[in-house]
Amino acid sequence: MAQVAAAMAATVVLFSPEARAEVVGQVGVDWMGNDIMIDALTDPKVKGVTCHVTYFDRSVVDRLKNGKWFEDPSNNSIACRQTGPIEIGDIDLGKGGEEVFKSGLSLIWKKLVVNRIYDKQNDTLIYLVHSRQIIDGSAKMSISTIPLYNQNVTWEKGKPVAK
């Protein structure tokens with residue numbers, strides 16, 4: 001399984017040179033060698049926030065037994081917390097936010113994606129993890145929020161005004 005984790009880490013570097021993720025946990029879930037992986041992800045444009053993302057890592061035995069050789073399931077979870085002083089860089093303030101992190105869940109087409117959205121009205125950062133697929137998109141997702149209300153936050157370009 002260490003080879004699969006190394007391949008995932010290499011994929012992260014190839015697809016998202018700004019984002020930094022590190023495997024911080026690995027829990028075996030069955031006798032076939034399937035694991036739940038836990039990555040710590042730092043947002044390249046928001047200092048002081050760390051997100052922990054989980055994903056399922058299928059073993060070679062499971063791939064041989066069940067097929068779908070080149071992909072892992074779209075089961076992901078995320079939890080984000082303030083881990084230091086928050087400094088917000090030049091982030092996208094649109095409703096769609098921006099992609100912070102992307103990693104392959106299949107050889108080519110399926111990606112684990114983390115988006116960051118700023119909710120101006122409620123002064124909150126929202127992190128969404130989901131899977132992106134060419135067809136048969138997955139509705140499996142998870143969100144985590146970082147409330148900024150009454151926090152000492154440094155904005156690189158000044159705090160946006162809520163409408």
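**Exercise 1.** In this predicted model, find which residues leucine 148 touches, not counting residues up to four places away in sequence.

*Solution.* Start at leucine 148 and leave out residues up to four places away in sequence. The residues that leucine 148 then touches are Ile86, Ile88, Tyr118, Asp123, Thr124, Leu125, Val153 and Trp155. Next, place leucine 148 in the largest nonpolar core, where it is among the residues with the most contacts, along with Ile88, Val114, Leu125 and Tyr127. This core has 24 residues. Two or more of its residues come from each of strand 2 (35–42), strand 3 (46–57), strand 4 (76–88), strand 5 (98–104), strand 6 (111–119) and strand 7 (124–132). Strand 3 gives the most, with 5 residues.

**Exercise 2.** Decide whether serine 144 is buried or exposed, and describe its surroundings.

*Solution.* First locate serine 144: it lies in strand 8 (residues 141–147). The relative accessible area of serine 144 is 8%. Buried means under 20%, so serine 144 counts as buried. Now look at its contacts, leaving aside neighbours within four places in sequence: they are Ile78, Ala79, Cys80, Arg81, Leu125, Ile126 and Tyr127. One polar detail remains: the serine 144 side chain reaches the backbone nitrogen of cysteine 80 at 2.7 Å.

**Exercise 3.** State how many helices and strands the protein has, and in what order the elements run.

*Solution.* The count is 2 helices and 9 strands. Read from the N terminus, the order is α-β-β-β-α-β-β-β-β-β-β. For the whole protein of 163 residues, 42% count as buried. The protein exposes about 9,300 Å², of which carbon and sulfur atoms supply 57%.

How values were computed
Residues numbered from 1 in each chain as written. Predicted model: local features only at pLDDT ≥ 70, side-chain atom pairs only at ≥ 80, totals over all residues. Heavy atoms only, no water. Helix = DSSP H or I, 4+ residues; strand = E, 2+ residues; numbered from the N terminus. Buried < 20%, exposed > 50% of the residue type's maximum accessible area, 1.4 Å probe, protein only. Areas by Shrake-Rupley, 256 points an atom, 1.4 Å probe, with all protein chains shown as cover. Core = buried A, V, L, I, M, F, W, Y, C linked by side-chain atoms within 4.5 Å. Contact = heavy atoms within 4.5 Å. Polar contact = N/O pair within 3.5 Å; in protein donor to acceptor, adjacent residues only side chain to side chain.
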